[in-house]
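Please work through the following exercises with the sequence and the model at hand. Each task is followed by a solution in steps.

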Amino acid sequence: LDFIEGRESPGTGPGYGVNIEDSLPLLVGFSTQLGTLYLDSIQGNLDPITGLTEVRIEGTIWDETEVTLDFIEGRESPGTGPGYGVNIEDSIHNEGSWFIPEDLLVEGTMTVEGLLKPNGGIICDDGDPDDDGTHSFEYSWRLFDDSGDLHVLGAFFPNGGLNMDHQFWVENDTGRTHIQGLTRPDGGIDVNGSEFVVEGNTGANTGEITSEGHLSVEKDVFFGTILEETRTIGRPDLGVSNPTFAQPTLFLGQHGRVTGGNIVLSPGVATGLESTTSHGRLVLGVPNRPTEPFNVARFPVDDTDGVTDGGATILSGQDSVGRGGDFVLQAGHGTSGDGGNLVIATGEAPDEIDYGTIILGGASFPGDHNQREDFDYVATRPPIRESRDAGDTFIRGQSTSNSNCQELLFIGGDGSTGSSAGSVVVAPGFTEETQQQGTLFFGRPDDIGDAITMSRQSPPVPGDAGDTFVVAQSSILADGGDLFLQAGSSGVAGTAGSIFLETGLAAPTPNGGDIFWGQAGDDLVVHRVVAATTAASTTSILGQPSNAGNGGDLVINSGAGTLGGDINLFAADSVVNGGSVNINAATGSTNGGAVVVEAGDGAGTHGGWITVRAGAGGVTSTTGADVTFTAGTGTAGVPGNVFFNSAGVLRLAAVDFVQNTAGAQDFSIVSGVNTLDIGAVPTNFFFNIGGEGVLRDRLTTSANVVELPGSLGTAEPAAAIGELENFYTDL
C-alpha cells in the first residue's frame, strides 16, 4: 500500500490513528481492488491454540500495537516511476534513506550503514533516572546542531569513522578526527585502545591528554583560560621509585628542503595604556626548584655518522632594516645579597688538547657566508644618564687556594705575510667639559703597599729576548707627546716614592745591561721641570752605596769617536750671581777622599791641557776673580802642602806669595830629589834648598848706592855699575 491514515473525528479534527483489528469483518471476502482503505478498527480473533489475537496480512503480523513485517516499500507514482517513499506519521522512508522531521528516540542499538545526517543534533541519555529536565548536562553524549560542538561524558570509540556535515568527522581505519567547531568530551576520549586518551571529569587527572603516536594540529593551540593562572606543558614524572632515566622532550620545527622552519617562543605582550605596563619574559628553569642549576645545551655528537666535531650554536639578537636590536645577557638580581655572576665558559678538552676560545665580534664558522669579521669591535658598559658616578669595571684572572695563579693576557691580533701585528690599546675615558682623559692605574684597588711588577714573559725556547718599548704619543703636524714616569707621593710626613731604572741581570757573570738615553742623531737634554712659584730644589746623582764593602764609583764618560766628546759641567746663569760648580770629595774616618783632575795622555803629540780660570770682572768691577789653592789643615795645626809636580816649567803670572801661617814655609817646589822652599819670614831665610837657607834679607839700591841690611854692614857707594853687578854676584 502507499498510504495508511486514520480518519478524522467528526467535529474534533484528526482521529486517533488506524484500528485494523476492528475492521476485520470487512476484509473477509476476496478483493483485488487497489486504492485507499479507510478503516476505524481491525481486530483479530482469539486463536484457541496459541492464545494470540494477532492479525496476519500478506506475511505481516499485527498484534495489539505492534506490527511485524519483513519489507516496506512505497508504490510507484503512475506515469513517473519510483515514488517518494513511505510516509509514516510525517517520517519518510525512501530507498534506504530515512527522513525524520522530529526527534528520533533510540532505546536499543541502531546501525546505520550509510550517511547519518542528524541536522538537529544527537543526544544520548546519561542513564540517570532522577533527571527532571531542570538542569543542564543530563546526557552522556551530545552533538550540537550547526556548530558541530560535541559534549561527551564517557568514552568515544569512532572505530568506523564519523562525518557530521563536514563539521566533525572521523576517518575510518586511521581514526583521524577533524573538528571544525568546539569539542567538549566531558567523559574523556579514548582512541583505539588508549593510543590517544583525553581524561574526562575524573578528578586530579581531568583534561590530561596522552598519545602513543603523533599529535598533528593544523592551526593554533591555546592552553588555559583568560584567568590569572599558571599552565604547564610537560611529561608525566617517573617517580622516585622508578630506576629508569628520564628521556628528552623534543620541540621540532618544520623540516624543509631549502630552509628549515623556525621555533618561536614569544612571551605575552602588554596591550594596556598604563605607564607601568611591561611585556612578558621567557623564563627558564624548574618552578618548584628555583635554586638548582639550570642547563641549556645541545645533544652531544658521536661518531655514528662519521662526524666528530660539534656544530656551532648561535644566539642572535633581532635583525632590523634600521639599527639592530640589542642582545643582553644578565645575571640575576639579589634583593638581600650579592647579584648573580655571568659565566661564559669554553668547552672542556683532554689534558693534551687546548680548551675552547671565547671569540668576540663577528661569527666565523664553516657554512656561515653572511658574517663579516673586519670591523671594529667595542666591549663597553652602558652609560649612566643620571647625575651619579660611574662604577668600576674589573677584569680578573683566575684565583686558586692551593697552587700558583696564572697570567691574565691581553694579546693583539697576529699578522700573516705582508701584514702587521695588531696592537693592544689601553685608553682611559675622556671628559668633554675639561678636555682631559682619565688615569691608567696598575695594581689592585684595595692595594695596601704590596709590590707590583710589570714584565714580559721569557721566550719558551733558548735565544735572545726581544726588546720592549714604552713610547709616548707621536704627532704628524705638531709636537710629540711627553712621557712621564712619576713615583708615588706621600700624603703624611713620609718620603715620596722613588723611580728605579734597573738593567737586567746576567748569569752566571755579574755583568748587567746598560741604560741608553736619547735618539741616535739628536741632542739629549736631561733636566727637571721649572719651579713656577718656589725656589728650585737640589738635583743629586749618587753612586751605589754598600753596607758590606767599598761604595760604587760614579763614572761620567763622553762618547768615543774620531774626536772624543767633551764633558761639560756648567752652572746656571743668573741675573744676580751665577751658579757655582763644586767638586767635593767626601770625608773619611781615616783619610778624606781625593779630588783628581787629570788631562788625557797624547799618544802622538802632547797630552791634554788643564786650564783653571777665574771669572773676569764686569762693567762695575775692574778686579778679576781669584784662583785659590788651599791645602788642608791637620789636627795638630800643621797645614798640608800644595804640590805642583811637572817635568816642564811652572809659570806664575804674579810675584806675590802670601804667608798665611806664621813660622812655616809658604811654598815648595820639588824637582827630583831637590826641594826649594820659599818663605816670607827673614829669620828662616826666604829660600831654602835642601834645608840650607840661601836668602834671608833684601838690598835697597838708589843711584849708585847700595843699602845693606844691618847684618851685612854699612852701605858703601859703588864705583861703577860693573862693580855693583859684581857685588850682587858675590852676594
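The exercises below treat the chain as a whole, its sheets, its core, its salt bridges and selected loop residues.

The model is predicted, so local features need pLDDT of at least 70 and side-chain atom pairs count only at pLDDT 80 or more, while totals for chains, interfaces and linings use all residues. Residues are numbered from 1 along each chain as its sequence is written, and side-chain values use heavy atoms, with hydrogens and water left out.

**Exercise 1. The chain as a whole**

Task: State how many helices and strands the chain has, and what share of its residues is buried.

Solution.
- Step 1. Helices (H or I, at least four residues) and strands (E, at least two) are taken as DSSP runs, numbered from the N terminus. The chain has one helix and 25 strands.
- Step 2. A residue is buried under 20% relative accessible area, exposed over 50%, and partly exposed in between (1.4 Å probe, protein chains only). Of the 731 residues in the chain, 7% are buried.
- Step 3. The accessible surface of the chain is about 65,800 Å², and carbon and sulfur atoms hold 51% of that surface. The areas come from the Shrake-Rupley method with a 1.4 Å probe; for residues, only the protein chains shown count as cover.
- Step 4. A contact requires heavy atoms within 4.5 Å. Among the contacts in the chain with a separation of 6 or more, 12% join residues 24 or more positions apart.

**Exercise 2. Two open sheets**

Task: Determine the strand order of the open sheet that contains β5 and of the one that contains β15.

Solution.
- Step 1. Strands of a sheet pair through backbone hydrogen bonds, either parallel or antiparallel. Two strands are counted as paired if DSSP finds at least two bridges between them.
- Step 2. One open sheet has three strands in the order β4-β5-β6, with antiparallel pairing. Its edge strands, β4 (86-88) and β6 (97-99), each pair on one side only. The twist from one strand to the next averages 20°; axes are lines fitted to C-alpha atoms, for helices over the stretch in contact, and angles run from 0 to 180 degrees between N-to-C directions.
- Step 3. Three bridges link β4 with β5 (residues 91-94) in the antiparallel sense. Ser-91 in β5 is the bridge partner of Ile-88.
- Step 4. Another open sheet of three strands follows the order β14-β15-β16, again with antiparallel pairing. Here β14 (188-191) and β16 (209-211) are the edge strands, each pairing on one side only. Neighbouring strands of this sheet are turned by 10° against each other on average, direction ignored.
- Step 5. Strands β14 and β15 (residues 196-199) run antiparallel and are joined by four bridges. Within β15, Val-197 is the bridge partner of Asp-190.

**Exercise 3. The largest nonpolar core**

Task: Identify the residues of the largest nonpolar core and the strands that each supply at least two of them.

Solution.
- Step 1. A nonpolar core is a set of buried Ala, Val, Leu, Ile, Met, Phe, Trp, Tyr and Cys residues joined through side-chain atoms within 4.5 Å.
- Step 2. The largest such core has six residues: Trp-141, Leu-143, Leu-150, Val-152, Phe-168 and Val-170. At least two residues of this core come from each of β8 (139-143), β9 (150-152) and β11 (168-170).
- Step 3. β8 and β9 run antiparallel and are joined by three bridges. In β9, Val-152 is the bridge partner of Trp-141, which places a bridge between two members of the core.
- Step 4. Six residues lie between β8 and β9 in their hairpin, and Asp-146 in the turn has a positive phi of about 65°.
- Step 5. β8 also pairs with β7 (residues 122-125), in the antiparallel sense and over four bridges. Arg-142 in β8 is the bridge partner of Ile-123.

**Exercise 4. Salt bridges**

Task: Find the salt-bridge partners of Arg-231 and Asp-326.

Solution.
- Step 1. Side chains of opposite charge can pair when their charged atoms come close. A salt bridge is a side-chain nitrogen of Lys or Arg within 4 Å of a carboxyl oxygen of Asp or Glu, and the structure holds two.
- Step 2. Arg-231 pairs with Glu-229, the closest N and O atoms being 3.0 Å apart. Arg-231 is partly exposed at 49% relative accessible area, and Glu-229 is partly exposed at 32%.
- Step 3. Asp-326 pairs with Arg-323, with the closest N and O atoms 3.0 Å apart. Both Asp-326 and Arg-323 are exposed.

**Exercise 5. Two loop residues**

Task: Locate Gln-435 and Gly-640.

Solution.
- Step 1. Gln-435 lies in the loop between β17 (430-431) and β18. Its phi is near 55°, a positive value in a residue other than glycine. Most residues other than glycine have a negative phi.
- Step 2. Gln-435 is exposed, with a relative accessible area of 52%.
- Step 3. Gly-640 lies in the loop between β18 (436-437) and β19 (667-671), and is partly exposed at 34% relative accessible area.
- Step 4. Not counting residues up to four places away in sequence, Gly-640 touches Ala-631 and Gly-632. The C-alpha atoms of Gly-640 and Thr-630, ten residues apart along the chain, are separated by 8.6 Å.
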